[in-house]
Amino acid sequence: MSASAAPGIVPEPEDSRLAAANLVVGARLFASAMAFVFMAFVFAYFYLKAVDSNGLWRPSHVTPPQGYGIAILVCILGATAAFELARRGLAAGAGSVAMLALALGLSVAAVVLQLIAYLGGMSFGADGGGYASVFYGWTAMFLAFWLGAVYSVETMLATAMRSAREAAAADEAVEALRPSADATMVYLYSCAGIAVVTWVLLYLIK
Amino acid sequence: MSAVGAMTDGAGPDVRHGRRILIIWAVANVIFVPIVIWVLGPHIPPYDASQQSTDQHNVNVVLSALATPVLLMIWVYFGYSITVFRQRGPEVVDGPPIEGDPRIQVTWLAATTVIVIALAVYGTVGLLPSSAAGAGGGQGPNPLSKPPNAASALQVQVIGQQWLWTFRWPGYGGVQTPYLVLPVNRWIAFHVTSLDVSHSFWAYELGVKADAIPGNDNVAFVRPTQLRSFQIRCAELCGLWHGHMNTTGQIVSQSAFDTWIAQARVRYQGVTQQLPPYSHVYYPAPDQRAG
Amino acid sequence: MSTTESPPPTAITKAPRFREQLIGFHLLWGVVLAALGYFVCHWLGTKIGNHIKGQTATDQDDIAVLLGFLGATLGWLIGLGFFNYPLSRMMGRPASLIEGEEYGVWRYFRLCTDHKVVAVQYFVAVLFFFGVGGLNAMLIRGELTSDNATFIQAGNYLTLVSLHGTMMLMMMSAGVLGPLGNYLVPLMIGARRMAFPRVESLTLWLTVLAGFMLISAIFLGGFPTGWTGYAPLSVEARAGMDAYLFSFALIGISLCLVGLNIIATVMTMRAPGLYWNRIPVFVWGMVTTSVLAVLAAPVLFAALYMAALDRTVETTFFLASNGGSPFLWYNLFWFFGHPEVYILALPGFGIVLEILPVFARKPLWGYRVAVAGMFGVALLSFMVWQHHLFVSGINANLRPFYMFTTELISIPTGIIFLIGMGTLWRARIRFTVPMLFCLAFFFNFLIGGLSGVYLSDVPSNVTTHGSYFVMAHFHYTIMGGLVFATIGGFYYWLPKITGFKLNETLGKIHFWMMFIFFNLTFFPLFAAGLLGMPRRVSSYNPSLHGLNVFVSISAWCLGLSLLVFLANIVWTQLLLREPAGPNPWLSKSLEWQLPSPVPSYNFERIPVINSAPYSYGIPDAPPVADFGTPARLPGGPAITPEGGVL
């Protein structure tokens, strides 16, 4: 079933303004979807807490690793801030490889810290009741989404580095980055906001 | 190519067709609504083995009586349209370019809103404590639809498990029986729970349905009014023998019930002694929980 | 920046030889790497499972199976070439949009960014999986011809029931968004592509994988929960349950991304002149469906993930004995589940309201009200979900509220009927096959919708919940509504997609068989439910035996009618191949002003839209769009090569 009678046409290169518009709209929609994923966890948190089935919402030995929690949150917020600075530099007309590298480093650090916490830093297992289930489920899901943030930052950095090497003029380099930058910013801010909510509900509130 | 025709607009055709449709609809209503209420109506389940099933039956008849004019209107309109407004012949001719009529839209919206609000009020009234039409449905541990003297109702715990029903009687020493026998003309309070997965206690003729969920005390009320047997089925998929989780209950006179429960206490004493004490919910030990 | 005025350059026209085809990323590699990925990760999973404390043997099984599925997904996507672009971006190479659009018929077996190709791939996939689900239904009805014998063993029967429901819901969720949405949205808005073409192809290939993954449940012991996956039964079930969890999660991702793509496309890539009040109502249907898909599917994803955790690492989200609650599953699932059924219903509304004006030869009556109605349905669909739980033991004070919201949703739904009725008023109706299906939609959805009113009333719900009454209700709305509308849409748009006519006589035979036997199958089920037959059972009260035999025979005839449809497609599209011409239905819509089949670049020039495509009956009405204008209006906004005005 061939649907095309004419030969394949290679269209002109993509207009970066349309790409940017699409990416930003897409990022915002994805952020809403992500928000609903974590809304499910927020609901689980409050619902299971209210029901306290068999008195096992949060047995006394179940406490989150506060040190790791703060450290991970700081890394996430730091990565977001570093990326925001890089993006502002971009808007002013210059790419900022150093800031992007910092953002990448901090975002990877958050992942590493979380993994270390899972493997050795927890005072309770996944079977430690309602709160324990929510804790593990929520943080692991967030980790998965944060890996997406790591990917986005890495591509920005790699594109910036390559453009710095290959672009004939500085503003061409900036043009290459612009579509992704705003979209990644939306995504990072959403992740950061969710990270704050996560920290407040899982670590701060007893 | 198609010939684009234009219909001459005027009040004439609109009013003519509209009047015809309304008349056909009115006649159909006069014929069918009484049939629905008085011929079909008495046969609409559930029947009248209990006060709740009778109330639900009445609700179903009312809903059917309301649904009939709506159904007929759509059927008459569409039937008229596809008969009268059809293109005869192979030519493709355009109809009049009518793009909307705010008066009709507003009227329709207003009418549907009124009907919906009326239905909601009617349904809510059925759920109020005074009327108890919805008391047969499981309402969790804090029921809203309940008889005025709910505390003095006969308490029966219905325990669902894979794949059978058992019944415990807190007012009779917590005895557990495999059969459900109920006294007539008395308020019964079911406390439905489960030991493993979710089931649903459906006493069909009584008009009672309450999900049996582990960790939950699901309360439903019924007042049986006829001496007869009733089917008990499981209405929530619970695994392999979900469709076989059936049994039959019995509504008997108060004295027959007293005799039966006294005999049951003796006959099932051995079993009851081995059971955990009566409680609204039962939790298995962690290593024996489902999962 | 070049405009589209210069003749477009030609690309590769000669297809590479077969040996060259084998190298590269396509379906064959996808299958091979998926299998490899499954076995490697399954093995890894058994090793990992050994090391997690508190494990039982069945947990280990589940970890292995779920990791295996994850490996299969990764292998599948790698083999099809979906990792090529992310990897090239990670190395800093520039962003690009187009991939795999050359190579003739091979395009259909690989990642292809031509939205029309993706739509055809979706069409084949949806039909195939619909057939699988339908076969399951035929077997179920076979078992139900006896009131207590078991031709099919109990576990297998439950798996059939579960597979039927899950397959149908998974596949029909994207049953219109996939084939028709992907094909028509760019065409109807005057664009050359969707906003995210690679994502579009991803959603298709995830859907295909998910379908086969669900079928693989058969080899893992099946699953007993039905499509609703209720806990705690889902937590205690055998390894086949993992197939349900994972495949449904893939569909959730796919659904979310399809919706995201459609919304982004409609927001940014409309042709000049396509103001919001000129967008075809079918596109509005796709947009409202997409809003639901983007917001509801993530909640499903979270819930399935929680169930998977409960089954593997001993969390207890849904187990009441250890701090969890089955009600958590019910609420999360139905918070998704109710918008899901509107994800199924809204495309039906869109199709029907799009097709009705063409064969009534009148403008769509009440365009703005129709769009408002669709948005009303979408908004309200998030506020009704507890009507699935009226007798489950929820807070009794909530029941009146949800009864009210559920009844409220019949208002915007009724608007769809009003618009249909208004469009038919003093029309000049032609009874083509698509029109027949659209009229049947109204007939069936009316019955389905009215039965919903019974279900929404709590006292009435006490008898009908969990019974065959519910079954009849949703089959009338989903099959009688959506499936009829979708088939009507296929009859209507297939000549545009392939360029070949379908046979009108076979179509009418298909229609009448399907309509009659559909009603004969499902109308008696209202009675069965009211007479006490629960859902998902294989044994029932002997007094209902005759009714069930009648329904089973009708169901088999219904299945036969779909074979007529299949025969029509095979005969006319693959064998006869009679050209349909650009506009066999004489529609004023934009996609019908193009050749059939539509060329790969869609429009030679991005058109400038003059009006909504419903200007029937207006003498000397301008065509819906102007195709001859230059790509850059003098002094006006720039028109990008891909479509969209900046």
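# Exercises on a predicted three-chain model

What covers the buried residues of α14(C) includes α3 (102-127) of chain B, together with α15 (410-424), α16 (433-456) and α17 (458-464) of chain C. The model is predicted, and the exercises below begin with this helix.

## Exercise 1. The setting of helix α14(C)

Determine how many of the residues of α14(C) are buried, and place Thr405(C) in this helix.

Solution.

Step 1. Helix α14 of chain C spans residues 399-408. Of its 10 residues, 7 are buried, so the helix is largely enclosed by the rest of the structure.

Step 2. The buried residues are Arg399(C), Pro400(C), Tyr402(C), Met403(C), Thr405(C), Thr406(C) and Glu407(C).

Step 3. Thr405(C) has a relative accessibility of 2%. Because buried means under 20%, Thr405(C) belongs to the buried class.

Step 4. When residues up to four places away in sequence are not counted, Thr405(C) touches Met383(C) and Val384(C).

## Exercise 2. The interface of chains C and B

Describe the interface between chain C and chain B by its contacts, its buried area and its salt bridges.

Solution.

Step 1. On the side of chain C, 94 residues are in contact with 102 residues of chain B.

Step 2. The two chains bury about 8,300 Å² between them, and 66% of this area is on carbon and sulfur atoms.

Step 3. Between chain C and chain B there are 2 salt bridges. In one of them, Asp94(B) pairs with Arg361(C), with the closest N and O atoms 2.9 Å apart. This value satisfies the cut-off for a salt bridge, within 4 Å.

Step 4. The count of residue pairs in polar contact between these chains is 28. On the side of chain C that touches chain B, α15(C) gives the most, with 9 residues. The residues of that side divide into 56 nonpolar, 25 polar and 13 charged.

## Exercise 3. The surroundings of Ala360(C)

State whether Ala360(C) is buried or exposed, and identify the residues that it touches.

Solution.

Step 1. Ala360(C) lies in helix α12 of chain C. Its relative accessibility is 0%, so Ala360(C) counts as buried.

Step 2. With residues up to four places away in sequence left out, Ala360(C) touches Gly95(B) of chain B, and in chain C it touches Thr423(C), Leu424(C), Ala427(C), Arg428(C), Ile429(C) and Met435(C).

Step 3. Ala360(C) and Arg430(C) are separated by 70 residues in sequence, while their C-alpha atoms are 6.6 Å apart in space.

## Exercise 4. The nonpolar cores

Identify the residues with the most contacts inside the largest nonpolar core, and find the element that gives this core its largest share.

Solution.

Step 1. The largest nonpolar core has 313 residues. Those with the most contacts inside it are Phe38(A), Phe41(A) and Trp146(A) of chain A, and Phe248(C), Trp329(C) and Trp493(C) of chain C.

Step 2. Helix α12 (residues 326-360) of chain C provides the largest share of this core, 23 residues.

Step 3. Leaving aside neighbours within four places in sequence, the contacts of Trp329(C) include Tyr230(C), Tyr244(C), Leu304(C), Phe318(C) and Trp334(C).

Step 4. A second, separate core has 37 residues, among them Leu154(B), Trp165(B), Leu180(B) and Val252(B).

## Exercise 5. Backbone features in loops

Locate the cis peptide bonds at Trp163(B) and Pro597(C), and the positive phi values of Asn54(A) and Leu586(C).

Solution.

Step 1. Gln162(B) and Trp163(B) are joined by a cis peptide bond with omega about 0°. Trp163(B) sits in the loop between β1 (154-161) and β2 (164-169) of chain B.

Step 2. Another cis peptide bond, with omega about -5°, joins Ser596(C) and Pro597(C). Pro597(C) is in the loop between α20 (545-576) and β1 (608-609) of chain C.

Step 3. Leu586(C) is also found in the loop between α20 and β1 of chain C. Leu586(C) is not a glycine, yet its phi is positive, about 55°. Its relative accessible area of 24% makes Leu586(C) partly exposed.

Step 4. Asn54(A), likewise not a glycine, has a positive phi near 60°. This residue lies in the loop between α1 (16-51) and α2 (66-91) of chain A, and with a relative accessible area of 34% Asn54(A) is partly exposed.

Note on methods. Residues are numbered from 1 along each chain as its sequence is written. Chains are lettered from A and ligands numbered from 1 in the order in which they are written. This is a predicted model: local features need pLDDT of at least 70, side-chain atom pairs count only at pLDDT 80 or more; totals for chains, interfaces and linings use all residues. Side-chain values use heavy atoms; hydrogens and water are left out. A nonpolar core is a set of buried Ala, Val, Leu, Ile, Met, Phe, Trp, Tyr and Cys residues joined through side-chain atoms within 4.5 Å. Buried means under 20% relative accessible area, exposed over 50%, partly exposed in between (1.4 Å probe, protein chains only). Helices (H or I, at least four residues) and strands (E, at least two) are DSSP runs, numbered from the N terminus. Contact means heavy atoms within 4.5 Å. Buried area is the accessible area (1.4 Å probe) that two parts lose on being put together, summed over both. A salt bridge is a side-chain nitrogen of Lys or Arg within 4 Å of a carboxyl oxygen of Asp or Glu. A polar contact is a pair of N or O atoms within 3.5 Å; within protein, one must be able to donate a hydrogen and the other to accept it, and residues adjacent in sequence count only if both atoms are side-chain atoms. Ala, Val, Leu, Ile, Met, Phe, Trp, Tyr, Cys and Pro count as nonpolar, Asp, Glu, Lys and Arg as charged, and the others, Gly among them, as polar.
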